[in-house]
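Welcome, and thanks for opening the viewer. Let's walk through this model together, one selection at a time.

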Amino acid sequence: MNASLVGMVASKLGSVRLGRHAIPGQGRLVDALGKIACRMDDGRGISSPWSGVRFEANLVDRIQRQMWAGVYEPHVRDCFAALLQSGDGYLDVGAHIGYHSVSAAHHVGANGRVFAFEADPALHQRLARNLGQFAWAQAIHSAVWDTSGALTFERSSVEQESGWGTLCAVRDLGKGEHLTIRSISLDDWCREGRLTRWDAMKLDAEGSELAVLHGAQDSIGQFRPSIILEINGILLEQAGNSSMKVVEFLQARDYRLFHFAYRRLERWDPLRHAQFSETLCLHPDRETAALGRLARAGFAGAD
């Protein structure tokens, strides 16, 4: 058995559901298969989560093993699969090695555009390789913030957890490598790049979410993209913010918020979702069409 075959088994196993729920122990078994494959090919895993698409991951890393097996954040993957259409413009802030960026590039096609931002230099290198197969996708080595300039970034100090790096303006654990990196606001970036279309964004920036939104407020007002963001109350509080400040920013711009999990939507509730929530944010200009596509894709609560 080779690493590719192990990956196929892991992907098939990870896609099995009991109704809307994973099989008990499924995640641990898929992770164990990833560790086996890691020993077969010097830690590098190559898979094809989407037909005709090549995806490279470091199997030493826990999250990248999930991506390699095609089981990482299936609710986010399926939501974007329903929302994105050919020709759309998509931004990925906190793109990591590009699992959702590659998925988006696959869905929007050659008439669309994908821009993926990643601050960690090692992750950005693999992100660029994964997106290199799409002429319409670009990997950008930069932190996204409320202003353009330079910031200090602390890389994760844990080899198996590459996603734990963060801007020191949010949190500085004093354990990982510290780097000075370029920062940009999306308003500046959109103006300089003369962006003409922005339909959707994923925002997962380890506590920087409100700063990213503040730096994009003019462009959000112009394009009104659908936004999937991770609301993590603990990380936001470390940055001196809160979940409710993020929610209030979006609601002030007429966005309607939904908490979502595997093929299920529900109205965002501060009593239930403020500590942690994968949140879908829809502007009235896009809401009816977006909910219709989600309903047809089998998302309960979208109709």
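## First stop: L280 and its neighbours

Start by selecting L280 in this predicted model. Beyond the residues up to four places away in sequence, L280 touches C79, L83, I227, I228, R256, L257, F258, F260, L265 and L294. Show those side chains as sticks and keep them on screen for a moment.

Next, widen the selection. L280 belongs to the largest nonpolar core, which has 48 residues, and is one of the five that touch the most other members. The others in that group are C79, F134, L265 and L294. C79, L265 and L294 should already be on your screen, as they are contacts of L280.

Now try a new colour for I184, C190, L210 and C281. These residues are part of a second core, separate from the largest one and made of 34 residues.

## Second stop: helix α5

Select residues 99-108, which form helix α5, and pick out V102 within that helix. Is V102 buried or exposed? Its relative accessible area is 0%, so V102 counts as buried.

What surrounds V102? Setting aside neighbours within four places in sequence, V102 is in contact with W50, V53, F55, N130, L131 and F134. You have met F134 before, among the residues with the most contacts to other members of the largest core.

For a distance check, draw a line from the C-alpha atom of V102 to that of G45. The two atoms are separated by 16 Å, while the residues are 57 apart along the chain.

## Third stop: helix α6

Move on to residues 121-131, helix α6, where you will find R126. With a relative accessibility of 16%, R126 falls under the 20% cut-off and therefore counts as buried. Leaving out residues up to four places away in sequence, the contacts of R126 are E56, A57, N58, Q64 and I97.

## Last stop: the whole chain

Zoom out and switch to a cartoon view. The chain holds 13 helices and 16 strands, and its C-alpha atoms fill a box of roughly 55 × 45 × 40 Å along the principal axes. A compact globule of 303 residues would have a radius of gyration near 19 Å, and the 18 Å of this chain agrees with that.

Colour by burial, and 54% of the 303 residues count as buried. Among contacts between residues at least 6 apart in sequence, 66% join residues at least 24 apart.

Finally, turn on the surface. The accessible surface comes to about 13,300 Å², with 49% of that belonging to carbon and sulfur atoms. If you colour by charge, the mean positions of the 33 positive and 35 negative charges are 6 Å apart.

Technical notes. Residues are numbered from 1 along each chain as its sequence is written. This is a predicted model: local features need pLDDT of at least 70, side-chain atom pairs count only at pLDDT 80 or more; totals for chains, interfaces and linings use all residues. Side-chain values use heavy atoms; hydrogens and water are left out. Helices (H or I, at least four residues) and strands (E, at least two) are DSSP runs, numbered from the N terminus. The radius of gyration is taken over C-alpha atoms; the globule rule is 2.2 Å times the number of residues to the power 0.38. Buried means under 20% relative accessible area, exposed over 50%, partly exposed in between (1.4 Å probe, protein chains only). Contact means heavy atoms within 4.5 Å. Accessible areas come from the Shrake-Rupley method with a 1.4 Å probe; for residues, only the protein chains shown count as cover. Lys and Arg count as positive and Asp and Glu as negative; His and the chain ends are not counted. The place of a charge is taken as NZ of Lys, CZ of Arg, CG of Asp or CD of Glu. A nonpolar core is a set of buried Ala, Val, Leu, Ile, Met, Phe, Trp, Tyr and Cys residues joined through side-chain atoms within 4.5 Å.
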